[in-house]
Amino acid sequence: MGVYNRAPLAFERGEGARLFTTDGEAYLDCMAGIAVNALGHAHPRLVQALKDQAEKLWHVSNIFKIPGQEALASRLCAETFADVVFFTNSGAEAVECAIKTARKYHWARGDVDRIDIIGFDGSFHGRTVAAVNASGNQSYLEGFGPPLPGFVQVPFGDPDALKAAIGPTTAAIIIEPVQGEGGARAMSVAEMTAMRQLCDDNGILLIFDEIQCGRGRTGRRFAHDWADGAANPDIMCVAKALGGGFPVGACLATAQAGAGMSVGSHGSTYGGNPLAMAVGGAALDELAKPELLAHVREVAGYFTQQLSGLRDRYPDVVVDVRGKGLLIGVKLATPNREFMQHARDEHLLIAGGGDNCVRLLPPLNLTLDEAREAVERFERACDRARAKGRAAA
């Protein structure tokens, strides 16, 4: 189907932070499959885990016990707030599970009218019908029928509007601690802890969508960990980096929040398959290392410093630098789609974003030398954008 506006590039292989086209040209990849390839391309640990499991067992379905699934769930619970995990194939499916879990929680308690999920402008939770309704992005809703009942949107960063939206039919709040597609807007620790308290005061559940900002992307295991336990959610959606490039997602919940999800209330044919669990376990081994998280913080600090310098030198191109960790947003004065092409002309791959931003989402193990190279290429893209702006004037 013609649903993708693809760039005129085709890659045949990757190695670390490099992608190589079918005609042999190398590109520095600061998209990482939109924050998916968190350990870069063809990471030897992940490749070996996939090969080893592929020779044993691919799929059996959730009719049977899957030891690798139980092992990975136990590890995720041990390092987070969660007590239970449901494995999916994607982030959108994890969001679907989170919405169902939140509504079923209230239903099981007798509060059958509590179905409303409060989301925020600029959010992105996936492309299923429920997920696009949770986001409320009109461009994604258009043509797919009337808005579904039970979804409410409020402005991001407006606590008064959020409080006013909560009522007797509210089931949960869903939010990205750091927005991805919405322009890399980050919640502060104070905002996260205040939202946690607001949910507690009103008897509603807090869902963090950490599909893009989680699993080390901000320099902590998950973005809400910056609150040091004061903003733990009831439910959390993860995916992308969880499989290091292999399709896997998960919905994590406390035992209380997940109590309504009884036998038969949800399911997945492929979710938690042995192949995904093997790769997910290997990815977790690498992504949970304290030295990797420290490295993310170091490289992120370098990017922030250098990109802020470009903002000062190119005020006609760069308006703002935002985000957290290696989820970096650069708001532009020039059209972001044009700028992405300027970057590709410099053999640098970056992602688009809302609010006329571009995003840098490099592998978390990007070296400092590669980060310097990325900044140099980004600066040359700024030169291209400035030259085009002056020519147009």
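The exercises below, each with a worked solution, explore a predicted model of a protein chain.

**Exercise 1. Determine whether strand E7 is enclosed or open to the surroundings, and find which strands pair with E7.**

Step 1. Strand E7 covers residues 170–175, and six of its six residues are buried, so the strand is largely enclosed by the rest of the structure.

Step 2. Strand E5, residues 116–120, is joined to E7 by three bridges, and the two run parallel. Within this pairing, Ile 117 has Ala 172 in E7 as its bridge partner.

Step 3. Strand E8, residues 205–209, is joined to E7 by four bridges, again in the parallel sense. Here Ile 175 has Phe 208 in E8 as its bridge partner. Between E7 and E8 the chain passes through helix H8 (residues 189–202), and this β-α-β crossover is right-handed.

**Exercise 2. Follow the pairing from E8 to E9 and on to E10, and describe where the side chains of E9 point.**

Step 1. E8 and E9 run parallel and are joined by three bridges, with Met 236 in E9 serving as the bridge partner of Phe 208.

Step 2. E9 also pairs with E10, this time in the antiparallel sense and over four bridges. In that pairing Val 238 stands opposite Ala 250 of E10.

Step 3. In a regular strand the side chains alternate between the two faces of the sheet. In E9, Ile 235 and Cys 237 point one way while Met 236 and Val 238 point the other way, and all of these residues are buried.

**Exercise 3. Work out the strand order of the open sheet that contains E1, and name its edge strands.**

Step 1. The open sheet is formed by four strands in the order E1-E2-E3-E13, and their pairing is mixed. Its edge strands are E1 and E13 (348–349), each of which pairs on one side only.

Step 2. E1 and strand E2 (residues 18–21) run antiparallel and are joined by four bridges; one of the pairs to look for is Gly 14 with its bridge partner Leu 19 in E2.

Step 3. The segment before strand E1 (11–15) holds Tyr 4, which counts as exposed because its relative accessibility is 59%. Together, Met 1, Val 3 and Tyr 4 make a nonpolar surface patch of about 470 Å².

**Exercise 4. Examine the salt bridges of Asp 234 and Asp 316, and decide which parts of the chain each one ties together.**

Step 1. Side chains of opposite charge can pair when their charged atoms come close. Asp 234 forms a salt bridge with Arg 196, in which the closest N and O atoms are 3.0 Å apart. Asp 234 lies in the loop between E8 and E9 and Arg 196 in helix H8, so this pair ties together parts that are 38 residues apart in sequence. Both Asp 234 and Arg 196 are buried.

Step 2. Asp 316 and Arg 386 also meet through their side chains in a salt bridge, at 2.8 Å from N to O. Since Asp 316 lies in the loop between helix H10 (290–313) and strand E11 (318–324), and Arg 386 in helix H12 (residues 368–392), the pair ties together parts that are 70 residues apart in sequence. Asp 316 is partly exposed, with a relative accessible area of 38%, whereas Arg 386, at 19%, counts as buried, the limit for that word being under 20%.

Step 3. Salt bridges also link Arg 45, Arg 75, Asp 285, Glu 286 and Lys 289 in a network.

**Exercise 5. Compare the surroundings of Ala 184, Arg 215 and Gln 256, three residues placed in loops.**

Step 1. Ala 184, in the loop between E7 and H8, has a positive phi of about 60° although it is not a glycine. Ala 184 is buried, with a relative accessible area of 1%.

Step 2. Arg 215, in the loop between E8 and strand E9 (235–238), likewise has a positive phi, near 55°, in a residue other than glycine. Arg 215 is buried, with a relative accessible area of 4%.

Step 3. Gln 256 is found in the loop between strand E10 (249–253) and helix H9 (274–287), and is exposed, with a relative accessible area of 52%. Leaving aside residues up to four places away in sequence, Gln 256 touches Tyr 105 and Arg 109. From Gln 256 to Ala 82 the C-alpha to C-alpha distance is 9.9 Å, while the two residues are 174 residues apart in sequence.

Definitions and conventions:
Residues numbered from 1 in each chain as written. Predicted model: local features only at pLDDT ≥ 70, side-chain atom pairs only at ≥ 80, totals over all residues. Heavy atoms only, no water. Buried < 20%, exposed > 50% of the residue type's maximum accessible area, 1.4 Å probe, protein only. Pairing = 2+ DSSP bridges. Right-handed = clockwise from strand over helix to strand, strands pointing away. Patch = residues over 30% accessible without salt bridge, like charges linked within 9 Å, V, L, I, M, F, W, Y side chains within 5 Å. Areas by Shrake-Rupley, 256 points an atom, 1.4 Å probe, with all protein chains shown as cover. Salt bridge = Lys/Arg side-chain N within 4 Å of Asp/Glu carboxyl O. Contact = heavy atoms within 4.5 Å.
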